[in-house]
Amino acid sequence: NEKPVIQHPTDSGAPLSEMPVPQPLYEECSLNLSEKEIIDLFEKMMEDMNLNEERKTPLRQKDLLTKREMVVQYISATAKSISGSKVAGGLKNSKHEFTLSSQEYVHELRSGIMDDKLLNCLESLRVSLTSNPVSWVNNFGHEGLGLLLDILEKLLDKKQQEIDKRNQHKLIQCLKAFMNNKYGLQRILGDERGLFLLARAIDPKQVNMMTDIVRLLSVICIVGEENTVDKILGAVTTAAEQYNRERFAPIVEGLYSHEAPQLQSACMQFINALLTSVDEDLDFR
């Protein structure tokens with residue numbers, strides 16, 4: 001099976017060589033599009049690819065015929081990614097022969113899978129959340145985000161085996177990929193459990209996972225809305241109360257993890273993000 005010509009980079013820093021390369025297409029729909037429709041769809045395509053303005057500028061300079069061909073190919077490739085990869089163009093990874101459609105992932109997560117099967121599903125989902133357009137993430141997120149948070153909560157509440165810790169970290173990576181766009185970020189901020197469960201999952205004994213969580217919270221502090229820092233502080237406080245510990249105890253412990261410099265750096269970034277994102281007076285800081 002060949003991958004579709006059009007890829008869906010969610011990394012706004014992707015090189016232009018990874019942008020869609022038009023091929024001759026003579027589908028009927030492409031002939032019926034007006035110039036305004038082509039331009040409108042082209043803008044929606046770039047937005048769906050999660051491109052920033054710097055990456056959009058050179059693409060906007062392409063001629064109308066090229067834009068028309070890119071739009072038609074993108075629509076075709078997107079339809080394949082949403083319907084599932086049993087058609088040509090499906091993504092592959094080392095754990096699954098093909099990744100699933102967004103709704104097939106929802107079905108898998110809802111089925112109550114555990115242990116290695118859950119780990120394989122989460123790894124495949126992480127790839128799909130990273131590789132597919134924002135519309136795919138949106139389609140998954142309607143129900144999928146709640147299911148991911150349900151699973152994370154169950155993992156946090158149980159006495160964890162090694163496979164549970166691996167699943168928990170993989171789930172955090174899925175949430176990170178889910179939030180790599182405006183839609184995903186707004187969904188997390190709009191769900192009261194999201195930030196709270198991230199705060200609960202901060203554990204200095206799991207260095208790599210804690211590093212990912214603290215970095216993620218730092219980014220949310222910086223790019224979130226005006227009251228985002230209050231939400232994060234509230235989540236950290238509530239998590240500390242549940243575990244009967246000082247609010248920033250795990251962050252301080254992370255700062256003293258001399259054998260894990262990446263965690264130390266992430267904790268410093270989180271502290272700086274909190275301080276620079278607060279508009280209160282110096283005493284509060």
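Is N244 buried or exposed? At 71% relative accessibility, N244 counts as exposed, and the last view below comes back to this residue. First, some ground rules: this is a predicted model, where local features need pLDDT of at least 70, side-chain atom pairs count only at pLDDT 80 or more, and totals for chains, interfaces and linings use all residues. Residues are numbered from 1 along each chain as its sequence is written, and side-chain values use heavy atoms, with hydrogens and water left out.

**View 1. The whole chain is built from helices.** Count them up and you get 14 helices and 0 strands (helices are DSSP runs of H or I with at least four residues, strands are E runs with at least two, numbered from the N terminus). Of the 285 residues in the protein chain, 48% are buried (buried means under 20% relative accessible area, exposed over 50%, and partly exposed in between, using a 1.4 Å probe and protein chains only). Take the contacts with a separation of 6 or more: 68% of them join residues 24 or more positions apart (contact means heavy atoms within 4.5 Å). The chain's accessible surface is about 15,000 Å², and carbon and sulfur atoms own 50% of that (Shrake-Rupley method, 1.4 Å probe).

**View 2. Helix α6 meets helix α8.** Here α6 covers residues 115-131 and α8 covers residues 162-178; their axes come within 9 Å and cross at roughly 15 degrees (axes are lines fitted to C-alpha atoms over the stretch in contact, with angles from 0 to 180 degrees between N-to-C directions). That angle makes α6 roughly parallel to α8 (under 35 degrees counts as roughly parallel). Their crossing is left-handed (the near helix is turned anticlockwise from the far one by less than a right angle). Among the residues making the contact are L118, L122 and R126 of α6, plus I163, K170 and F178 of α8. Sorted by type, the contact residues are 10 nonpolar, 3 polar and 7 charged (Ala, Val, Leu, Ile, Met, Phe, Trp, Tyr, Cys and Pro are nonpolar, Asp, Glu, Lys and Arg are charged, and the others, Gly among them, are polar).

**View 3. D115 has an unusual backbone angle.** Most residues other than glycine have a negative phi. D115 isn't a glycine, yet its phi is positive, about 55 degrees. You'll find D115 in helix α6, and at 37% relative accessibility it counts as partly exposed.

**View 4. N244 sits in a loop.** The loop runs between α12 (228-242) and α13 (249-255). N244 is another residue other than glycine with a positive phi, near 55 degrees.

Notes: Parallel < 35°, antiparallel > 145°, perpendicular 65-115°, else oblique.
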